[in-house]
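Thank you for making time for this one. I would like to walk through a single chain with you, and I will ask you to keep the viewer open while I talk.

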Amino acid sequence: MSNFNMADMFGKIQEMQSKMQEAQEGLNDVIVEAEAGGGMVKVKANGNKQIVSIEMDKDVVDPQDKEMLEDLIVAGVNKALEKAEEASKEKMQEMYKGMIPGGGIPGMDMSKFGL
(Lines give C-alpha, C1' and ligand atoms only; values in the text may rest on other atoms or scores of the structure.)
Protein backbone atom coordinates (compact mmCIF):
# COMPACT_ATOMS: atom_id res chain seq x y z
CA MET A 1 0.00 0.00 0.00
CA SER A 2 1.31 3.44 -0.94
CA ASN A 3 1.94 6.20 1.58
CA PHE A 4 0.83 8.78 -0.99
CA ASN A 5 -1.71 11.08 0.58
CA MET A 6 -3.53 13.33 -1.93
CA ALA A 7 -4.92 15.67 0.75
CA ASP A 8 -1.46 16.12 2.23
CA MET A 9 -0.04 16.89 -1.20
CA PHE A 10 -2.73 19.53 -1.88
CA GLY A 11 -2.05 21.07 1.53
CA LYS A 12 1.64 21.38 0.67
CA ILE A 13 0.80 22.90 -2.72
CA GLN A 14 -1.47 25.48 -1.07
CA GLU A 15 1.23 26.29 1.48
CA MET A 16 3.76 26.70 -1.34
CA GLN A 17 1.39 29.00 -3.27
CA SER A 18 0.90 31.10 -0.16
CA LYS A 19 4.65 31.40 0.38
CA MET A 20 5.16 32.30 -3.28
CA GLN A 21 2.59 35.09 -3.00
CA GLU A 22 4.32 36.33 0.16
CA ALA A 23 7.62 36.36 -1.70
CA GLN A 24 6.08 38.27 -4.62
CA GLU A 25 4.69 40.88 -2.23
CA GLY A 26 8.06 41.08 -0.51
CA LEU A 27 9.63 42.11 -3.81
CA ASN A 28 8.04 45.54 -3.37
CA ASP A 29 10.43 46.03 -0.44
CA VAL A 30 13.51 45.17 -2.51
CA ILE A 31 14.78 48.53 -3.81
CA VAL A 32 17.70 48.92 -6.23
CA GLU A 33 19.25 52.12 -7.55
CA ALA A 34 21.01 52.79 -10.83
CA GLU A 35 22.76 55.89 -12.15
CA ALA A 36 23.31 57.33 -15.59
CA GLY A 37 25.51 60.18 -16.71
CA GLY A 38 27.90 59.81 -13.80
CA GLY A 39 25.10 60.19 -11.26
CA MET A 40 23.25 63.03 -13.00
CA VAL A 41 20.18 60.77 -13.20
CA LYS A 42 19.33 58.29 -10.44
CA VAL A 43 16.56 55.75 -10.82
CA LYS A 44 15.14 53.49 -8.12
CA ALA A 45 13.10 50.38 -8.90
CA ASN A 46 11.60 47.63 -6.77
CA GLY A 47 11.91 43.87 -7.12
CA ASN A 48 8.64 43.79 -9.07
CA LYS A 49 10.41 45.80 -11.77
CA GLN A 50 8.45 48.99 -11.12
CA ILE A 51 10.12 52.40 -11.14
CA VAL A 52 9.85 53.92 -7.66
CA SER A 53 11.60 57.26 -8.23
CA ILE A 54 13.74 59.27 -10.63
CA GLU A 55 16.07 62.02 -9.42
CA MET A 56 17.86 64.42 -11.74
CA ASP A 57 20.71 66.79 -11.05
CA LYS A 58 19.50 70.35 -11.79
CA ASP A 59 22.41 70.86 -14.18
CA VAL A 60 21.13 68.13 -16.49
CA VAL A 61 17.84 69.96 -17.09
CA ASP A 62 18.80 72.02 -20.12
CA PRO A 63 15.89 73.11 -22.35
CA GLN A 64 18.37 73.39 -25.23
CA ASP A 65 19.38 69.71 -24.91
CA LYS A 66 16.29 67.76 -23.91
CA GLU A 67 17.48 64.76 -25.98
CA MET A 68 20.42 64.26 -23.62
CA LEU A 69 18.08 64.23 -20.62
CA GLU A 70 15.77 61.77 -22.35
CA ASP A 71 18.73 59.49 -23.15
CA LEU A 72 19.97 59.64 -19.55
CA ILE A 73 16.52 58.78 -18.21
CA VAL A 74 16.20 55.82 -20.58
CA ALA A 75 19.69 54.59 -19.63
CA GLY A 76 18.98 54.97 -15.91
CA VAL A 77 15.62 53.21 -16.15
CA ASN A 78 17.10 50.33 -18.12
CA LYS A 79 19.94 49.89 -15.62
CA ALA A 80 17.50 50.01 -12.69
CA LEU A 81 15.22 47.42 -14.30
CA GLU A 82 18.20 45.11 -14.95
CA LYS A 83 19.23 45.39 -11.29
CA ALA A 84 15.62 44.84 -10.20
CA GLU A 85 15.45 41.68 -12.32
CA GLU A 86 18.64 40.35 -10.71
CA ALA A 87 17.45 41.20 -7.20
CA SER A 88 14.06 39.61 -7.90
CA LYS A 89 15.67 36.37 -9.11
CA GLU A 90 17.91 36.21 -6.04
CA LYS A 91 14.99 36.79 -3.67
CA MET A 92 12.83 34.15 -5.38
CA GLN A 93 15.70 31.64 -5.41
CA GLU A 94 16.09 32.11 -1.66
CA MET A 95 12.38 31.51 -1.23
CA TYR A 96 12.30 28.38 -3.42
CA LYS A 97 15.31 26.88 -1.67
CA GLY A 98 13.37 27.04 1.57
CA MET A 99 10.26 25.49 0.04
CA ILE A 100 11.66 22.70 -2.12
CA PRO A 101 13.58 20.07 -0.18
CA GLY A 102 16.78 18.62 -1.55
CA GLY A 103 17.23 21.27 -4.25
CA GLY A 104 14.31 20.28 -6.43
CA ILE A 105 11.75 17.77 -7.50
CA PRO A 106 13.16 14.74 -9.33
CA GLY A 107 12.39 14.86 -13.03
CA MET A 108 11.24 18.49 -12.94
CA ASP A 109 13.18 21.17 -14.79
CA MET A 110 13.52 23.94 -12.19
CA SER A 111 15.44 26.27 -14.57
CA LYS A 112 12.10 27.75 -15.64
CA PHE A 113 11.83 29.10 -12.13
CA GLY A 114 15.32 30.59 -12.10
CA LEU A 115 16.74 27.71 -10.05
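I will go from the overall layout to the strands, then to the core, and finally to the surface.

Let me say at the outset that what you have in front of you is a predicted model. The chain holds two helices and three strands, and, read from the N terminus, these elements follow the order α-β-β-β-α. Of the 115 residues in the chain, 23% are buried, and the chain exposes about 8,200 Å², with carbon and sulfur atoms supplying 52% of that area. As for how the chain is connected in space, if we take the contacts between residues at least 6 apart in sequence, 45% of them join residues at least 24 apart.

Now to the strands. Strand 1 and strand 2 pair in the antiparallel sense over six bridges, and they form a hairpin with four residues between them, where glycine 37 in the turn has a positive phi of about 65°. Within this pairing, alanine 34 in strand 1 has valine 43 in strand 2 as its bridge partner. Strand 2 also pairs with strand 3, residues 51-56, again in the antiparallel sense, over five bridges. Here lysine 42 has glutamate 55 as its bridge partner in strand 3, while alanine 45 is bridged to isoleucine 51.

Which residue in the turn between strand 2 and strand 3 has a positive phi? That residue is lysine 49, in a hairpin that again leaves four residues between its strands, and its phi, near 60°, is a positive value in a residue other than glycine. Lysine 49 is partly exposed, with a relative accessible area of 39%, because that value lies between the 20% limit for buried and the 50% limit for exposed residues.

Let me turn to the core. In soluble globular proteins, nonpolar side chains tend to be buried together. In this model, the largest nonpolar core has 18 residues, and those that touch the most other members are Val32, Val41, Val43, Ala45, Leu72, Ala80 and Met92. The elements giving two or more residues to this core are strand 1 (31-36), strand 2 (41-46) and helix 2 (66-99), and helix 2 provides the largest share, with eight residues.

Alanine 45 is a useful place to pause, and I would suggest selecting it in the viewer. Leaving aside residues up to four places away in sequence, alanine 45 touches Val30, Ile31, Val32, Gln50, Ile51, Val52, Ala80, Leu81 and Ala84.

Helix 2 also carries glutamate 82. Is glutamate 82 buried or exposed? Its relative accessible area is 52%, and since the cut-off for exposed is over 50%, glutamate 82 is therefore exposed. Glutamate 82 and alanine 34 are 48 residues apart in sequence, yet their C-alpha atoms are 9.2 Å apart in space.

Finally, the surface at the other end of the sequence. Met6, Met9, Phe10 and Ile13 make a nonpolar surface patch of about 340 Å². Phenylalanine 10 belongs to helix 1, residues 6-26, and with a relative accessible area of 45% it is partly exposed. The patch admits residues with over 30% relative accessible area, so phenylalanine 10, at 45%, meets that condition.

That is the tour, and I am happy to go back to any of these places in the viewer.

Methods
Residues numbered from 1 in each chain as written. Predicted model: local features only at pLDDT ≥ 70, side-chain atom pairs only at ≥ 80, totals over all residues. Heavy atoms only, no water. Patch = residues over 30% accessible without salt bridge, like charges linked within 9 Å, V, L, I, M, F, W, Y side chains within 5 Å. Areas by Shrake-Rupley, 256 points an atom, 1.4 Å probe, with all protein chains shown as cover. Salt bridge = Lys/Arg side-chain N within 4 Å of Asp/Glu carboxyl O. Buried < 20%, exposed > 50% of the residue type's maximum accessible area, 1.4 Å probe, protein only. Core = buried A, V, L, I, M, F, W, Y, C linked by side-chain atoms within 4.5 Å. Contact = heavy atoms within 4.5 Å. Pairing = 2+ DSSP bridges.
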